[in-house]
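Student: I have a new structure to look at. Could we go through how to read its features, one at a time?

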Amino acid sequence: MKAVPMKEERLLQVILAPVISEKATMLADKREQVIFRVATSATKPEIKAAVELLFKVQVKAVTVLNVKGKNKRFGRFNGSRASWRKAFVCLQPGQELNFAAGE
């Protein structure tokens with residue numbers, strides 16, 4: 001496969017937010033993985049390039065997961081929350097991301 005150069009503008013729109021939960025903290029400690037909420041159209045190479053560009057770390061692997069929106073009732077109407085995409089980013093050994101500390 002040929003490497004296609006990715007536009008920096010697109011890469012800045014790929015990562016939406018970090019997922020901060022007990023499970024995410026446990027994965028960060030044990031497996032050096034960080035979890036992000038990403039755009040639904042994002043691909044694994046785009047996610048890897050975006051994390052490396054934004055956080056200046058080396059990424060080992062990326063796993064993605066589509067999260068289906070829950071069905072909910074809004075008063076007397078049925079509806080559903082939006083579906084979204086989650087990315088598990090595995091960092092190279094020795095790399096670390098810290099969201100609590102400001103730069």
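**Reading the model**

Tutor: Start with one residue: arginine 31 counts as exposed, because its relative accessibility is 55% and the cut-off for exposed is over 50%. Keep in mind that this is a predicted model.

Student: Where in the chain is arginine 31 placed?

Tutor: Arginine 31 belongs to helix H2, which covers residues 22-31. Sequence distance and distance in space are separate things to read. Arginine 31 and cysteine 90 are 59 residues apart in sequence, yet their C-alpha atoms are 7.4 Å apart in space.

Student: Which elements make up the secondary structure of the chain?

Tutor: The chain has 3 helices and 6 strands. Read from the N terminus, the order is α-β-α-β-α-β-β-β-β.

Student: How do I read a salt bridge?

Tutor: Side chains of opposite charge can pair when their charged atoms come close. In this structure the count is 1 salt bridge. The partners are glutamate 46 and arginine 10, with 3.0 Å from N to O. Glutamate 46 lies in helix H3 (residues 44-55) and arginine 10 in helix H1 (residues 8-14), so the pair ties together parts that are 36 residues apart in sequence.

Student: Is glutamate 46 buried or exposed?

Tutor: Glutamate 46 counts as buried because its relative accessibility is 14%, and buried means under 20%. Its partner, arginine 10, is partly exposed, at 26% relative accessibility.

Student: Which residues is glutamate 46 in contact with, leaving aside neighbours within four places in sequence?

Tutor: Glutamate 46 is in contact with Met6, Arg10, Leu11, Val14 and Ser41. Arg10 in that list is also the salt-bridge partner.

Student: What percentage of the residues of the chain count as buried?

Tutor: Of the 103 residues, 27% count as buried. The chain exposes about 7,700 Å², and carbon and sulfur atoms supply 52% of that area.

Student: How should I read contacts over the whole chain?

Tutor: Look at how far apart in sequence the partners are. Among contacts between residues at least 6 apart in sequence, 59% join residues at least 24 apart.

Student: What about the extent of the chain and its charges?

Tutor: For extent, the C-alpha atoms fill a box of roughly 50 × 35 × 25 Å along the principal axes. For charge, the chain has 19 positive and 9 negative charges, and the mean positions of the two groups are 14 Å apart.

Technical notes: Residues are numbered from 1 along each chain as its sequence is written. This is a predicted model: local features need pLDDT of at least 70, side-chain atom pairs count only at pLDDT 80 or more; totals for chains, interfaces and linings use all residues. Side-chain values use heavy atoms; hydrogens and water are left out. Helices (H or I, at least four residues) and strands (E, at least two) are DSSP runs, numbered from the N terminus. Buried means under 20% relative accessible area, exposed over 50%, partly exposed in between (1.4 Å probe, protein chains only). A salt bridge is a side-chain nitrogen of Lys or Arg within 4 Å of a carboxyl oxygen of Asp or Glu. Contact means heavy atoms within 4.5 Å. Accessible areas come from the Shrake-Rupley method with a 1.4 Å probe; for residues, only the protein chains shown count as cover. Lys and Arg count as positive and Asp and Glu as negative; His and the chain ends are not counted. The place of a charge is taken as NZ of Lys, CZ of Arg, CG of Asp or CD of Glu.
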